[in-house]
Amino acid sequence: QVHVVESGGGLVQAGGSLRLSCAASGSIFSINVMGWYRQAPGKQRELVARILSGGNTNYADSVKGRFTISRDNAKNTVYLQMNSLKPEDTAIYYCKIDHRGYSDTYWQDYWGQGTQVTVSS
């Protein structure tokens with residue numbers, strides 16, 4: 001069993017910064033992609049940023065230049081540094097990892113429970 005837990009959300013003023021963390025634990029064997037998604041009220045969940053095991057990254061256009069994703073493979077943890085936050089960044093932020101067990105031949109997605117980020121104007 002794999003568990004994914006996010007932390008670091010909160011309330012911040014526009015222009016401020018927050019750092020989200022997401023730690024995977026349990027029967028970890030191999031993690032490929034680690035990513036951050038967000039869902040605002042009344043909107044679909046969208047990809048914010050993702051990072052592959054080799055370090056390649058992808059970002060949504062709306063956060064490029066403001067957000068930075070990174071990972072610590074030794075700790076099975078992914079981070080999202082969010083700078084120059086805007087009210088439109090307000091959402092629940094979810095972490096997702098792609099994990100493969102020792103005897104598995106497939107990758108499985110695991111989601112965290114989400115952490116609220118609220119940016120006031």
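Start with D61, which pairs with K64 in a salt bridge whose closest N and O atoms are 3.1 Å apart. D61 itself is exposed, with 65% relative accessible area. Keep in mind as you look around that this is a predicted model. Pairs like this one make sense in general: side chains of opposite charge can pair when their charged atoms come close.

How many salt bridges turn up in the whole structure? A search finds 6. Another one joins D109 and K96, and here the closest N and O atoms are 3.4 Å apart. D109 sits in strand β10, residues 108-111, while K96 belongs to strand β9, so this pair ties together parts that are 13 residues apart in sequence. The two partners don't sit in equal surroundings: D109 is partly exposed at 42% relative accessible area, whereas K96 counts as buried at 11%.

Then there's R38 and E46, whose side chains meet in a salt bridge at 2.8 Å, N to O. R38 is buried, with a relative accessible area of just 6%, and E46 is partly exposed at 36%. This pair has company, too: R38, E46, R66 and D89 are linked in a network of salt bridges.

Now step back and take in the whole thing. What is the protein built from, in helices and strands? It has 0 helices and 11 strands, so if you follow the elements from the N terminus, you read β-β-β-β-β-β-β-β-β-β-β. The radius of gyration is 14 Å, close to the 14 Å that the globule rule gives for 121 residues, so the protein is as compact as a globular protein of that length. Along its principal axes, the C-alpha trace spans about 50 × 25 × 25 Å. Buried residues make up 40% of the 121 residues. And the chain does plenty of long-distance meeting: among contacts between residues at least 6 apart in sequence, 56% join residues at least 24 apart.

What fills the inside? In soluble globular proteins, nonpolar side chains tend to be buried together. Here, the largest nonpolar core holds 29 residues, and the members that touch the most others are W36, L80, M82, Y93 and I97. Many strands chip in: β1, β3, β4, β5, β7, β8, β9 and β11 each supply at least two residues of this core. For a feel of the packing, pick M82. Setting aside residues up to four places away in sequence, M82 touches G16, S17, L18, L20, R66, F67, Y93 and V117. R66 on that list is the one you met in the salt-bridge network.

Strand β1 is a good place to linger, and V4 lies in it. V4 counts as buried, at 8% relative accessibility. Not counting neighbours within four places in sequence, V4 is in contact with C22, A23, C95, I97, Y110, W111, G112 and Q113. V78 is 74 residues away from V4 along the chain, and yet their C-alpha atoms are separated by 10 Å.

E6 is found in β1 as well, and it's a bit of a puzzle. E6 is buried yet has no salt bridge. Which side chain of opposite charge is nearest to E6, and how far off is it? That would be R45, 7.5 Å away. A salt bridge needs the side-chain nitrogen and carboxyl oxygen within 4 Å. What does the side chain of E6 reach instead? One partner is the backbone nitrogen of C95, at 2.8 Å. Another is the backbone nitrogen of G114, which lies 2.9 Å from a polar atom of the E6 side chain. Beyond its neighbours within four places in sequence, E6 is in contact with S21, C22, W36, Y93, Y94, C95, G112, Q113, G114 and T115. W36 and Y93 are familiar from the core, where they are among the members touching the most others.

For a contrast, finish at Y102, in the loop between β9 and β10. Is Y102 buried or exposed? Y102 is exposed, with a relative accessible area of 69%. Compare its place with that of A24: the two are 78 residues apart in sequence and 16 Å apart in space, C-alpha to C-alpha.

Terms used. Residues numbered from 1 in each chain as written. Predicted model: local features only at pLDDT ≥ 70, side-chain atom pairs only at ≥ 80, totals over all residues. Heavy atoms only, no water. Core = buried A, V, L, I, M, F, W, Y, C linked by side-chain atoms within 4.5 Å. Buried < 20%, exposed > 50% of the residue type's maximum accessible area, 1.4 Å probe, protein only. Helix = DSSP H or I, 4+ residues; strand = E, 2+ residues; numbered from the N terminus. Contact = heavy atoms within 4.5 Å. Lys, Arg positive; Asp, Glu negative; His and termini not counted. Polar contact = N/O pair within 3.5 Å; in protein donor to acceptor, adjacent residues only side chain to side chain. Rg over C-alpha atoms; globule rule 2.2 N^0.38 Å.
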